[in-house]
Amino acid sequence: MTTIDTAAPANGRVRRVPGQPDMWFFVFFESLVFTSYFGVYLYYRARHEQAFLRSQSHLTLWLGVVETIALLASSWSIARSVQTSRAGDHARARRDAYIAAGLGMVFLVLKVVEWVRQIQAGHTFTSSDFFQYFYFLTVIHFIHLLIGFVALGVLIYQLSSPARRDQELVETCATYWHTVDFFWVLIFALLYVVR
Amino acid sequence: MQTKLNRRLLAIWLLLSAITVGYVWIDRSANHHGARTASTVVTVSAVVLALFKVRVIMGEFMEVRGAPTLLRRLADLWIVIMAATMLGLYFAGKAAA
């Protein structure tokens with residue numbers, strides 16, 4: 001007798017956890033860690049609104065928008081890759097994974113360009129409280145992004161040979177990559193848009 | 001089947017990107033005579049919209065929509081925890097300012 005929820009979703013498949021459950025523990029744990037960073041940032045920001053607003057005005061909003069859309073497109077590509085891999089079209093799944101990695105690289109390059117521009121303009125880690133949070137959050141995210149490239153490498157390796165192709169592992173890697181994406185969605189709103 | 005699913009993913013990406021571009025409009029409308037001013041409405045809207053995007057990413061891209069009830073409930077609970085923590089501390093900071 002099992003109590004597992006097996007109600008069929010709209011697409012007719014049996015409900016199941018995407019990827020390894022361990023990855024979901026990691027996603028939820030990391031979300032709490034990032035939420036605490038975000039909360040502390042918002043608390044100090046609300047206490048010193050004018051100083052934060054002055055420093056924030058040096059950011060380029062459209063650059064943040066392009067970075068976000070690139071990472072969202074990368075996430076979208078990996079979501080396609082997971083679906084096509086499940087459907088058995090591994091060549092297309094691999095192509096979508098490469099597109100995802102390429103768009104991740106676009107984000108990476110834009111981020112580095114943005115840092116260089118800010119540093120050249122004299123806005124460094126010690127310039128102001130706002131820029132301290134800016135570099136802290138973007139660098140922590142950047143490290144997660146770099147680990148994400150390892151996850152994409154594992155995913156592509158899995159899809160490369162008929163001897164491997166472990167769908168659960170593909171989904172696990174994809175789950176990590178999407179997490180990097182949604183952390184950025186939050187960081188973008190908090191650093192570039194919040195007033 | 002496959003084409004239909006992929007079209008859904010395209011629509012999701014377009015929705016997420018449209019909200020992202022919408023932030024530019026929010027940012028512009030928050031300026032008073034070209035000057036940047038603090039705004040609780042903008043701050044709360046930006047956080048809520050970002051969390052909505054996170055929920056869509058989890059539901060659609062991360063396939064939580066088709067996952068067992070426990071994972072779906074957990075994902076929703078986490079969105080609520082994130083919202084409560086972020087907005088709670090923001091308002092606490094406003095009160096302490």
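**Exercise 1. Work out how α1(A) and α6(A) are oriented to each other, and which residues bring them together.**

Start with the axes. In this predicted model, helix α1 (residues 21-47) of chain A and helix α6 (residues 167-193) of chain A have axes that come within 11 Å and cross at roughly 10°. Now apply the cut-off: angles under 35 degrees count as roughly parallel. So α1(A) and α6(A) are roughly parallel to each other.

Next, look at who touches whom. On the α1(A) side, the contact includes Met23(A), Trp24(A), Phe26(A), Phe34(A) and Phe38(A). On the α6(A) side, Tyr176(A), Phe182(A), Phe183(A), Leu186(A) and Ile187(A) are among the residues taking part.

Finally, sort the contact by class: you get 15 nonpolar, four polar and two charged residues. Glu30(A) and Arg45(A), both in α1(A), are in the list too.

**Exercise 2. Follow α2(A) and describe how α2(A) sits against α1(A) and against α5(A).**

Take α1(A) to begin with. The axes of α1(A) and helix α2 (residues 49-56) of chain A come within 5 Å, with a crossing angle of roughly 105°. The range 65 to 115 degrees counts as roughly perpendicular, so that is how α1(A) lies to α2(A). From α1(A), the contact uses Tyr41(A), Tyr44(A), Arg45(A), Ala46(A) and Arg47(A); from α2(A), it uses Glu49(A), Phe52(A), Leu53(A) and Gln56(A). That comes to five nonpolar, one polar and three charged residues.

Now move on to helix α5 (residues 129-160) of chain A, whose axis comes within 8 Å of that of α2(A) and crosses at roughly 60°. The verdict here is oblique, because 60° falls outside the other classes. Here Phe52(A), Ser55(A) and Gln56(A) of α2(A) meet Asp129(A), Phe130(A), Phe131(A) and Tyr133(A) of α5(A). The split is four nonpolar, two polar and one charged.

Compare the two lists and you'll spot Phe52(A) and Gln56(A) in both.

**Exercise 3. Put those helices into the whole of chain A, then find a salt bridge that links distant parts of the chain.**

First, the inventory: chain A has six helices and zero strands. The C-alpha atoms of chain A fill a box of roughly 60 × 40 × 25 Å along the principal axes.

Then the salt bridge. Side chains of opposite charge can pair when their charged atoms come close. Lys111(A) and Glu67(A) do pair up, at 3.1 Å from N to O. Lys111(A) belongs to helix α4 (residues 90-120) of chain A and Glu67(A) to helix α3 (residues 61-86) of chain A, so to speak 44 residues apart. Over all chains, the structure holds twelve salt bridges.

**Exercise 4. Describe the interface of chain B and chain A: how much area is buried, which salt bridges are there, and which elements of chain B take part?**

Count the contacts to start: 56 residues of chain B touch 55 residues of chain A. Together the chains bury about 5000 Å², and 72% of that is on carbon and sulfur atoms. Arg36(B), Met62(B) and Glu63(B) supply 14% of the area that chain B buries against chain A, more than any other three residues.

Turn to the charged pairs. The interface has three salt bridges. One of the residues just named, Glu63(B), forms a salt bridge with Arg86(A), with the closest N and O atoms 2.6 Å apart. There are also twelve residue pairs in polar contact between the two chains.

Last, see where the chain B side comes from. The elements giving two or more residues are α1 (2-29), α2 (40-61) and α3 (69-96) of chain B. The largest share, 16 residues, comes from α3(B). By class, the side of chain B that touches chain A has 37 nonpolar, twelve polar and seven charged residues.

Methods
Residues numbered from 1 in each chain as written. Chains lettered and ligands numbered in written order. Predicted model: local features only at pLDDT ≥ 70, side-chain atom pairs only at ≥ 80, totals over all residues. Heavy atoms only, no water. Contact = heavy atoms within 4.5 Å. Buried area = accessible area lost by both parts, 1.4 Å probe. Salt bridge = Lys/Arg side-chain N within 4 Å of Asp/Glu carboxyl O. Polar contact = N/O pair within 3.5 Å; in protein donor to acceptor, adjacent residues only side chain to side chain. Helix = DSSP H or I, 4+ residues; strand = E, 2+ residues; numbered from the N terminus. Nonpolar A, V, L, I, M, F, W, Y, C, P; charged D, E, K, R; others polar. Axes fitted to C-alpha atoms, helices over the stretch in contact; angles between N-to-C directions. Parallel < 35°, antiparallel > 145°, perpendicular 65-115°, else oblique.
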